[in-house]
Each structure stands twice: as C-alpha cells, then as structure tokens.
Amino acid sequence: MTRPAPSRRHGARAGVVASMAALATGEVAAVVLGTGTSLVLAVGQEVIERVPPAVEDAAIDLFGTADKLVLVMAIVAVALALGAALGMAAARRFWIAAVGFTLFAALGVAAVASRPTGDPALSAVAVGAGVGVGLLVLRRRLAPAAVPLGASSRDRGETAGVVHPAGPTDAAEVGRRRFLRLAVTTVGAVAVTGFAGRGVARWLGRGTQPGEVTLGPVSVPLARPASAASFEIDGLSPLFTPNPRFFRIDTALAVPRVELETWRLRVTGMVDQPFELTFEELNAMPQVEADITLACVSNEVGGDLVGNARWQGVPLADLLERAGVRPGATQIVGRSVDGWTAGFPTETALDGRTPLVALAMNGEPLPRDHGFPARLVVPGLFGYVSATKWLSEIELTTFEDFDGYWVPRGWSKLGPVETQARIDVPGFGSQPPAGLVPVAGVAWAPTLGISRVEVAVDEGPWKEATLAGALDVDTWRQWRYDWDAAPGRHELRVRATDGAGVTQTAERTLPRPGGATGNHTIAVNVVDRG
Ligand SMILES: Nc1nc2c(c(=O)[nH]1)N[C@H]1C(S)=C(S)[C@@H](COP(=O)(O)O)O[C@H]1N2
Ligand SMILES: [Mo]
C-alpha cells in the first residue's frame with residue numbers, strides 16, 4: 001500500500017516547526033556546552049561585519065539602537081522561511097531536507113569558527129544536535145499517521161482513508177501506550193530543562209563580575225576644581241554622565257564576558273620588548289584619573305551620543321615606554337577580545353594629552369557595557385578610532401599596514417572630535433512661558449577646551465553665553481544664556497569657540513566620514529502667560 005504524500009502546505013508547516021526545534025535545540029546546546037557564542041549570535045555578528053555601509057546606515061536610521069534586536073529577529077525569520085521551503089521539498093523527498101539542514105548548519109559552524117570567542121568543535125556538536133532534533137521533528141510531522149489534531153481540513157482530507165497498519169486494537173493498550181509516552185516525555189523534558197537551567201546559570205555567571213574587582217590606588221586623586229561648579233538648571237546635562245545613562249555604541253551582538261583569570265593585555269608589534277600583563281599586574285601599575293568627554297562619530301548635531309566621565313587607569317604612555325616604541329611605528333591599534341579594532345596616531349599618546357587604559361569609570365570598575373575589564377580612552381578622538389572596549393591587545397604598527405574596523409567601511413582614518421555645542425533646554429518644540437527663559441547646554445572641543453559659546457535668536461546677532469567653570473580642556477563645558485523671550489515661535493542657534501579661538505563651522509555636514517558639523521538649532525513656541 002502506498003501512502004499519499006503530505007500536502008505542500010503541511011510540508012511547509014512541518015518545516016517551520018522543525019527549524020524552530022532545530023534552532024532552539026542548537027541555542028540551548030550552545031549554552032549548555034559553553035561554545036562561547038551561538039549559531040544565531042555568530043551569524044548575526046557576521047552580518048554586522050559584512051553588511052555594506054549603505055544598508056548599515058539605512059538599518060540604523062530605521063531602527064536606531066534597536067537594530068541588534070531587529071537583526072536577531074530577522075535571522076530567526078529567515079531560518080524559519082528556509083525551514084518552510086525545505087519542509088515543502090521534504091514532503092516529496094526527505095533527503096533534500098537532510099542535506100539542506102546540514103548545509104545551513106555547516107554555514108552556522110563556519111560563522112562560529114570565524115569568531116575569536118567561538119569554539120568550532122563544541123559548536124559543531126551543538127548545531128549537530130539541533131539538526132538531529134530538527135530532522136526528527138520533520139520526519140514525525142511528515143509521517144502520514146502523525147497528522148496533528150489541529151491540521152486543516154484540507155490536510156486531513158488528503159490523508160483520510162489511511163489505514164494504520166499496526167493500529168492499536170483495544171482501549172487498554174492505547175491507555176498503556178499513552179502513559180508510556182507521557183512518562184518518557186516528562187522525564188526527557190525534566191532532564192533537558194534541568195541540564196539547560198544549569199547551563200544558563202553557568203552562562204550568566206560566566207565571566208568575572210565588575211563588582212568583584214578591587215581597583216588599585218590613584219597616585220594623585222583629582223579634586224573637582226571649585227571653578228567647575230555647574231549650573232543648576234532642570235534638563236541641563238550634568239557635568240558627569242552617570243554610568244547607567246552613558247551612551248553605548250559597539251558592534252557586539254552579545255556583550256563580551258571576560259574571565260579575569262585568563263584575561264591578558266598584550267603590547268605587541270613594532271616595539272623592542274613585547275610583553276603581556278595579567279589584570280592584577282596592570283591594576284598594580286601607577287594609576288591616574290582624568291576627566292574626558294567621549295563622543296561618537298555618528299552623533300548628529302544636537303545628538304546624545306556623547307558623555308563625560310572621570311576615568312581611572314594606567315597612562316598609555318607608561319605601557320609604551322615599557323615596551324619601547326620603534327621608530328616608524330606611526331599607529332597604535334587597540335584590539336578587543338571580540339576582534340574589533342581601532343587605530344590612532346602614535347603621537348597622540350605622547351603629545352601631552354593623557355590617553356588611558358581605563359579600568360574605572362566614575363569611581364566604579366568599568367561596567368560590562370563600557371568595556372570591562374579595560375578599555376582605551378583618548379582625549380580629542382572619536383570612539384571609533386580610539387576607545388577600544390574589552391581591550392586585549394595594543395599593537396604598534398603603521399597607517400599603511402593596518403586599518404581599524406570602521407576605516408574600510410567608509411569612515412576617516414583620523415577621527416579628531418569636531419567642536420560642537422548643544423542646546424539641552426528648552427527642549428525642541430517646547431512651550432516655555434514668555435519672560436526670562438534659561439537657555440542652557442554643553443559644548444566641547446576636547447584637548448583645546450571651550451573659550452566662548454554664543455546664542456542667536458531668530459535672525460538676531462550672536463550673543464555671548466555665560467560659561468560654567470571648566471573641568472578640563474578635555475571635557476565638555478556647561479553654558480547658559482538668559483533669554484528675554486517674547487511670545488511666538490522662535491528659533492535658537494548655538495555655536496562654540498575652542499581654546500585656540502577657532503569658532504565651529506556653521507556648515508551642515510552628515511556624520512560620515514569624519515563627524516557631523518553645523519550649529520545646533522531648535523524651534524520653540526513661547527506662550528503668553530497672561
Ligand atoms: N570592542 C569595541 N570597542 C568599541 C566599539 C566597538 O564596537 N567594539 N565601538 C567604539 C565606538 S564607535 C564608540 S563611540 C565608543 C563608545 O563607548 P561607550 O559604549 O562606552 O560609550 O566605543 C568604542 N569602542
Ligand atoms: Mo562611535
């Protein structure tokens with residue numbers, strides 16, 4: 001007797017369920033086995049690193065910082081769609097699904113293998129388990145006897161009339177079989193859940209908690225200059241951005257979890273004495289504090305991808321001195337445990353500014369999101385060329401020999417921070433009451449400091465704003481302008497002048513390739529109180 005083949009629709013549905021089962025099994029197995037990354041994360045990371053700049057820009061425009069979540073959902077959606085296609089094919093020839101699932105699994109393992117943190121052998125086991133479970137599920141669902149209760153009438157119609165060759169004969173036997181199946185499933189589920197649960201716990205506990213670290217002492221703790229007393233204005237950015245509110249920008253789909261026992265910082269490349277340090281050794285070196293404003297090159301004029309912190313760490317210059325930089329080593333490259341890189345001129349480490357291998361941020365060990373256990377911070381340079389988080393290596397090289405992560409993706413080789421001013425209050429589109437309206441914000445020109453901020457109302461002349469004391473030339477500076485506002489719609493513009501007397505350009509440019517320029521401008525609607 002030949003059985004009718006399942007319908008294509010039934011095949012597609014079975015394929016989706018099978019690929020869901022395969023993905024879920026693979027991800028759980030990855031956690032349990034501790035493969036370092038998973039198929040979905042590794043494929044996502046490959047997509048992030050390979051996508052053309054135009055697509056990347058569009059995705060960021062469209063989804064903003066939710067882009068990573070959208071990416072993961074898209075990968076799952078594609079996997080399910082492929083499952084549907086394979087399920088349809090498998091309804092006729094099962095081997096097509098077997099080959100298809102195995103091919104995609106191989107691609108996934110290749111993605112894991114290309115990650116510095118991934119273990120290809122273990123992940124082949126995890127992905128293999130996923131494929132096995134997926135194919136089992138598919139086989140069961142495509143077996144004519146297994147048409148599910150919830151199947152559509154069409155599916156049932158097509159398989160109606162199939163006689164179970166060895167169907168149960170009496171009710172007692174049916175009961176026994178059901179009980180047996182239930183028992184086996186329950187035991188299986190409990191075992192898997194327990195195993196997975198332990199794995200998840202281990203996974204979550206993996207890596208050292210920043211809180212477990214005791215930071216070394218600071219040679220000369222910074223006192224906050226008395227002159228830096230900040231303005232008390234509602235909505236104005238505080239001088240120091242609290243860690244939980246500090247912007248986060250990176251390519252990491254999963255934040256790297258570093259185990260301090262095995263972590264090393266290596267100084268390599270064009271040096272006389274390459275060396276490596278444990279965290280303990282690094283933490284035991286003389287440390288300093290520095291107030292440095294960090295800005296992202298992707299920050300739009302008026303945007304919030306900028307923050308200020310008090311960093312604590314080891315001066316980069318001390319590490320370079322110990323290694324002995326060879327002549328001709330024009331570029332310092334920071335490399336992250338996840339393979340990300342950023343490079344900046346060697347002279348910026350030696351020209352009097354204070355680049356740090358930072359271990360702490362605002363008095364706490366670096367939070368994981370901001371690079372635990374160590375990161376670079378270089379005053380005056382955008383993060384993408386300098387501020388390597390989860391730092392594992394500092395390599396001396398040349399600009400001819402190496403490009404950091406973002407350079408081949410269309411961003412400038414050199415990334416000095418553009419002088420900028422931002423209006424924090426009143427908010428864009430707000431409706432302040434007529435009369436005296438405090439206009440305030442922050443301005444930055446790292447390494448030179450801010451010497452003047454001016455505000456213009458509508459087409460009026462530039463008027464000088466009052467500056468709060470300067471924390472440091474490397475940090476932003478608060479400013480305020482008390483505006484006598486008349487009712488109606490008004491436009492406010494701001495511009496900053498750096499410590500060398502150069503006023504920022506009014507020319508509007510996009511962030512790519514070297515950072516946005518132009519005057520932050522907002523519109524407000526002043527309302528008559530009477
Ligand atoms: N390892 C790693 N470090 C990185 C990045 C990254 O993608 N990976 N992004 C850089 C960029 S573009 C910026 S702007 C800063 C942001 O630092 P934050 O997330 O601590 O604010 O980190 C830099 N360091
Ligand atoms: Mo950035």
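In what follows, Ala, Val, Leu, Ile, Met, Phe, Trp, Tyr, Cys and Pro count as nonpolar, Asp, Glu, Lys and Arg as charged, and the others, Gly among them, as polar. The structure on the screen is a predicted model, and the tour begins at its ligand.

**Stop 1: the shell around the ligand**

Select ligand 1 and then the residues that surround it, of which there are 19, with F247, T251, H370, R375 and K389 being the closest. Colour this shell by class, and nine nonpolar, five polar and five charged residues should appear around ligand 1.

**Stop 2: polar contacts of the ligand**

Keep ligand 1 selected and turn to T251, where a polar backbone atom is 2.9 Å from an oxygen atom of the ligand. Next show the side chain of H370, in which an N or O atom lies 2.7 Å from an oxygen atom of ligand 1. Then add the side chain of S336, which places an N or O atom 3.2 Å from a nitrogen atom of the ligand. With these contacts in view, consider how ligand 1 is covered: on its own it has 530 Å² of accessible area, and the protein covers 99% of this.

**Stop 3: the largest pocket**

Where does ligand 1 sit? Its place is in the largest pocket, whose volume is about 1400 Å³. To find the middle of this pocket, select I60, D67, I249, S298 and W406, which are the closest to its centre among the 48 residues that line it.

Switch to a cartoon view and pick out helix 2 (39-50), helix 3 (53-63), helix 4 (67-90), strand 3 (288-295) and helix 11 (383-386), since each of these elements supplies at least two residues of the pocket lining. Which element gives the most to the lining of the largest pocket? That is helix 3, with seven residues. Colouring the whole lining of the largest pocket by class gives 25 nonpolar, 10 polar and 13 charged residues.

**Stop 4: the cavities**

Rolling a probe the size of a water molecule over the atoms shows where empty space is left. In the whole structure, a search of this space finds two cavities of 30 Å³ or more, and the largest cavity holds about 100 Å³. To centre the view on the largest cavity, select N299, F382, Q420, W444 and A516, which lie nearest its centre among the 14 residues of its lining. By class, the lining of the largest cavity consists of eight nonpolar, four polar and two charged residues.

Conventions: Residues are numbered from 1 along each chain as its sequence is written. Chains are lettered from A and ligands numbered from 1 in the order in which they are written. This is a predicted model: local features need pLDDT of at least 70, side-chain atom pairs count only at pLDDT 80 or more; totals for chains, interfaces and linings use all residues. Side-chain values use heavy atoms; hydrogens and water are left out. A residue is near a molecule or strand if one of its heavy atoms lies within 4 Å of it. A polar contact is a pair of N or O atoms within 3.5 Å; within protein, one must be able to donate a hydrogen and the other to accept it, and residues adjacent in sequence count only if both atoms are side-chain atoms. Accessible areas come from the Shrake-Rupley method with a 1.4 Å probe; for residues, only the protein chains shown count as cover. On a 1 Å grid over the protein atoms alone, a cavity is a set of points where a 1.4 Å probe fits but cannot get out, and a pocket is an open set with protein on both sides within 12 Å along at least five of seven lines; lining residues have an atom within 4 Å of a point. A molecule sits in a cavity or pocket if more than half of its atoms lie within 2 Å of its grid points. Grid points are joined across faces, edges and corners, and a volume is the space filled by probe spheres set on the points. Helices (H or I, at least four residues) and strands (E, at least two) are DSSP runs, numbered from the N terminus.
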